[in-house]
Amino acid sequence: MLRLDFKEFQEKVSGHLRPWQRSFQFWVRAVDIYTGYKVFQVRVNFEKDAMKRDAMWEKQHQLAADKIYNMCADLGGFFLKIAQIIGKPDLAPAAWVRRLVTLCDQAPATPYNVVKLVMEKELGRSIDELFERFDADPLGSASIAQVHRARLKGGTTDVVVKVQHPGVQDLMMTDIRNLQAFALYMQKTDIRFDLYSVTKEMEKQIGYEFNFMREADAMEKIRHFLYKNNKKSPVSVPRLIGNMFTRRVLVMEYIDGIPILRLGDEIAKRGINPNGKVAAAAKQNILKSLTLAYGQMILKSGFFHADPHPGNILICRGSEVALLDYGQVKDLPDELRLGYAGLVLAIADNDPIRASESYRELGIDTLSKCKDEQTELFRLAQTMFDTKLPPGVTMLQPFSDESSIKKIAVEAFPEELFSVLRTVHLLRGLSVGLGINYSCAEQWRPIAEEALYRAGRLTEKDLKSTRIRKRGFFRRMLGR
């Protein structure tokens, strides 16, 4: 009895200490990575040869990439989401992208015996009673849950079962609070951007992800919206299977496809020239489908899937796209939805004055000390809310001395807009990865016009004067 009590005592102490140990690990590693760059910045300034400086930077990025990868892989949880956000080819150094892109679905899997206990507790029946077949090895394991392929009793098609990792919520909340403290420090010292508000919105959104009943409702709502507003939905959305969903378990339709990260390998395997017209057309269709779906969701509905990282995108037969995982969704208030529609038009029409007005309407407070404030503010709007990269640029480098983020301080950023910002940046990362540089603002112009017209903010005359005139944008963009 005494041994049992002592074991329980050890487990309680370990449970209380774990968040502190996790916090300590984060701060030791984060400070090491940050100070490594600060020391390097001083050292590299003594090198006058440009080629040698570039080589030094590449070596430093590789060193940091290994450290970031190890931190995210070892700590898992929330840090896998951080890897998804920063490991994009338009934003992070190439060395970072090469390392972090492999972490999309690399969370440690929960053992099958634990998965079985969670499912039977949530669904109220044994796995053998519910399923004809249930694959013990998961299809993938992410930060919050893992998914298994199965077939229901009497079913003729396969389903996917999403099961939440036990105990992960408390750890992820600890991670977010640590990141918030680090964000406060960074915005006071290095980055003139309201990072804290961004992390607060992340805290709220990730909190929602632990309720699969909310996810089931969001998935059905978006599926219904896209199928109702199009002759054919631009993306496939999984169907719910009956009423088999609880806070921690979700059963849905299985969609056959390959992860978008494996698209290049699949093209090569089929003997298709990756630089030829067939491959270009497939990539064009993929990006066009995603862009249309997100334009309609954000600007027309305001309720949208807010996590389009590569791990959530499947490419099906005929270059059709399936959008998975509706744990992170956002419901924009109409004022922000319409304010963003105005900003989309300003960017598409290359109108700096209207962009400045839209920033004020959206509640984005900026402070500038540069001479040409309006031009820099417009560049900042493009950097934050459009997918197009300037000519010859393959990576944004937002924190260089010449970037608009350095010249224009973003002192207040509405938390509600973070999901839009993150979605646009993930779409840009996908476009860069596919080798297509395009403007989502130009593509979304007709949808933004419709939204503003329906709200009474544009007249019929305005529509005729601003309606998109150029057709076949994607064809021109591919040089065809």
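**Exercise 1.** How many nonpolar, polar and charged residues does the lining of the largest cavity have, by class?

*Solution.* The model is predicted.
- Step 1. Start with the cavities: the structure holds 2 of 30 Å³ or more, and the largest has a volume of about 60 Å³.
- Step 2. List the lining of the largest cavity: K81, I85, M202, I206, Q328, F418 and R422.
- Step 3. Assign classes. Ile, Met and Phe count as nonpolar, and Lys and Arg as charged. The lining of the largest cavity therefore has 4 nonpolar, 1 polar and 2 charged residues.
- Step 4. Map the lining onto elements: α3 (78–86), α8 (195–208) and α16 (418–434) each supply at least two residues.

**Exercise 2.** Which residues line the second largest cavity, and which element gives the most to that lining?

*Solution.*
- Step 1. The second largest cavity has a volume of about 30 Å³.
- Step 2. Its lining is made up of D32, I33, G36, Q60, L63, A64 and K67.
- Step 3. Two or more residues of this lining come from each of α1 (2–44) and α2 (50–75).
- Step 4. The element that gives the most is α2, with 4 residues.
- Step 5. By class, the lining of the second largest cavity has 3 nonpolar, 2 polar and 2 charged residues. Gly counts as polar, so G36 belongs to the polar class.

**Exercise 3.** Is H165 buried or exposed, and which side chain does a polar contact join to that of H165?

*Solution.*
- Step 1. Place the residue: H165 lies in the loop between β4 (159–164) and α7 (168–189).
- Step 2. The relative accessible area of H165 is 8%. Buried means under 20%, so H165 is buried.
- Step 3. The side chain of H165 is joined to that of T110 by a polar contact of 2.7 Å.
- Step 4. Set aside the neighbours within four places in sequence. H165 is then in contact with P108, T110, S141, A142, S143, I144, A145 and Q146.

**Exercise 4.** In what order do the strands of the open sheet with β7, β9 and β10 run, and which are the edge strands?

*Solution.*
- Step 1. The sheet is formed by 3 strands in the order β7-β9-β10, with antiparallel pairing.
- Step 2. β7 (258–259) and β10 (321–323) are the edge strands, since each pairs on one side only.
- Step 3. Strand β9 (residues 313–315) pairs with β10 in the antiparallel sense over 3 bridges.
- Step 4. For a single bridge, take I315: its partner in β10 is V321.

Conventions. Residues numbered from 1 in each chain as written. Predicted model: local features only at pLDDT ≥ 70, side-chain atom pairs only at ≥ 80, totals over all residues. Heavy atoms only, no water. Buried < 20%, exposed > 50% of the residue type's maximum accessible area, 1.4 Å probe, protein only. Polar contact = N/O pair within 3.5 Å; in protein donor to acceptor, adjacent residues only side chain to side chain. Contact = heavy atoms within 4.5 Å. 1 Å grid on protein atoms, 1.4 Å probe; cavity = no way out; pocket = protein on both sides within 12 Å on 5 of 7 lines; lining within 4 Å. Points joined across faces, edges and corners; volume = space filled by probe spheres on them. Pairing = 2+ DSSP bridges.
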